[in-house]
Amino acid sequence: MSVQSFDPKALHSPNITMTEAAIGHFRKQLANADKASVRLFIQESGCSGYMYKIDFVSAAEPGDLSLVMADDVTLHVQQEALAILQGTEIDFKKDGLNQLVKFNNPNVTAECGCGESFVVEAE
């Protein structure tokens with residue numbers, strides 16, 4: 001793993017967005033799970049380095065940054081992931097029977113062949 005640089009401004013304005021398709025998807029998932037919000041975090045995992053993880057939660061974890069994506073969809077982002085997720089657009093794609101939450105992250109420099117993990121190179 002490489003050492004990541006961190007921009008303290010990312011704590012206050014991380015510029016993480018969701019498309020309307022993603023908001024609609026999460027709105028339905030939250031209703032089905034009877035949860036209040038979505039939590040996005042990353043874990044060291046997979047064959048490349050990091051893996052996106054999503055949970056449906058009742059409240060943020062200590063230290064999470066909460067972002068209102070819509071009146072009824074709030075995203076809690078793991079503080080340790082803010083620098084890596086800076087500028088990420090969360091999208092939802094549907095192709096026939098296949099459904100996929102897609103992370104359009106400008107910081108990703110490579111992804112593994114199976115698409116489960118990604119690499120972010122230090123500057």
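This report describes the strands, helices and side-chain pairs of a predicted model.

## Overall composition

The secondary structure of the chain amounts to two helices and nine strands. Along the sequence, these elements follow the pattern β-α-β-β-β-β-α-β-β-β-β. Of the 123 residues of the chain, 37% count as buried. Among contacts with a separation of 6 or more, 54% join residues that are 24 or more positions apart. The accessible surface of the chain is about 7,300 Å², and 48% of this area belongs to carbon and sulfur atoms.

## The sheet β1-β6-β7

Three strands form an open sheet in the order β1-β6-β7, with mixed pairing. Its edge strands are β1 (17–18) and β7 (98–104), each of which pairs on one side only.

The two pairings can be described in turn. Strands β1 and β6 run in the parallel sense and share two bridges. In this pairing, Met18 stands opposite Ile90 in β6. Strand β6, which covers residues 89–95, pairs with β7 in the antiparallel sense over seven bridges. Here Ile90 stands opposite Phe103 in β7, and Asp91 stands opposite Lys102 in β7. Ile90 therefore has Met18 of the chain opposite it in one pairing and Phe103 in the other.Strands β6 and β7 also form a hairpin with two residues between the strands, and in this hairpin Gly96 takes a positive phi near 65°.

Helix α1, formed by residues 20–33, lies across β1, β6 and β7. The helix runs at about 80° to β6.

## The hairpin β4-β5

Strand β4 (residues 65–70) and strand β5 (residues 73–77) pair in the antiparallel sense over five bridges. Leu65 stands opposite Val77 in β5. Two residues lie between β4 and β5 in the hairpin that they form.

## Salt bridges

The count of salt bridges comes to three. The table lists them with the distance from nitrogen to oxygen.

| Basic residue | Acidic residue | N to O distance |
|---|---|---|
| Arg27 | Asp72 | 2.7 Å |
| Arg39 | Asp64 | 2.6 Å |
| Lys93 | Asp91 | 3.2 Å |

The side chains of Arg27 and Asp72 meet in a salt bridge. This pair links distant parts of the chain: Arg27 belongs to helix α1, while Asp72 lies in the loop between β4 and β5, 45 residues apart. The helix that lies across β1, β6 and β7 thus holds one partner of this pair, Arg27. What is the exposure of the two partners? Arg27 has a relative accessible area of 36% and is partly exposed. Asp72 is also partly exposed, with a relative accessible area of 40%.

Arg39 forms a salt bridge with Asp64, and the closest N and O atoms are 2.6 Å apart. This pair, too, links distant parts of the chain, with Arg39 in strand β2 (residues 37–45) and Asp64 in the loop between β3 (49–57) and β4, 25 residues apart. Are Arg39 and Asp64 buried or exposed? Both Arg39 and Asp64 are buried.

The third pair listed joins the side chains of Asp91 and Lys93. Asp91 has a relative accessibility of 9%; because this value is under 20%, Asp91 counts as buried. Lys93, with a relative accessible area of 46%, is partly exposed. Asp91 is also the residue that stands opposite Lys102 in β7.

## Aromatic pairs

A pair of aromatic rings is described by the distance of the centres and the angle of the planes. The count of aromatic pairs in the model comes to two. In one of them, the rings of Tyr52 and Phe103 have their centres 4.0 Å apart and their planes at 15°, so the pair is stacked. Stacking requires planes under 30 degrees apart, a condition that the angle of 15° meets.

Tyr52 lies in strand β3 and Phe103 in strand β7, so the pair ties together parts of the chain that are 51 residues apart in sequence. Tyr52 and Phe103 are both buried. Phe103 also stands opposite Ile90 in the pairing of β6 with β7.

How values were computed: Residues are numbered from 1 along each chain as its sequence is written. This is a predicted model: local features need pLDDT of at least 70, side-chain atom pairs count only at pLDDT 80 or more; totals for chains, interfaces and linings use all residues. Side-chain values use heavy atoms; hydrogens and water are left out. Two strands pair if DSSP finds at least two bridges between them. Helices (H or I, at least four residues) and strands (E, at least two) are DSSP runs, numbered from the N terminus. Contact means heavy atoms within 4.5 Å. Axes are lines fitted to C-alpha atoms, for helices over the stretch in contact, and angles run from 0 to 180 degrees between N-to-C directions. A salt bridge is a side-chain nitrogen of Lys or Arg within 4 Å of a carboxyl oxygen of Asp or Glu. Buried means under 20% relative accessible area, exposed over 50%, partly exposed in between (1.4 Å probe, protein chains only). Rings of Phe, Tyr and Trp (its six-membered ring) pair if their centres lie within 6.5 Å; planes under 30 degrees apart count as stacked, over 60 as edge-to-face and the rest as tilted. Accessible areas come from the Shrake-Rupley method with a 1.4 Å probe; for residues, only the protein chains shown count as cover.
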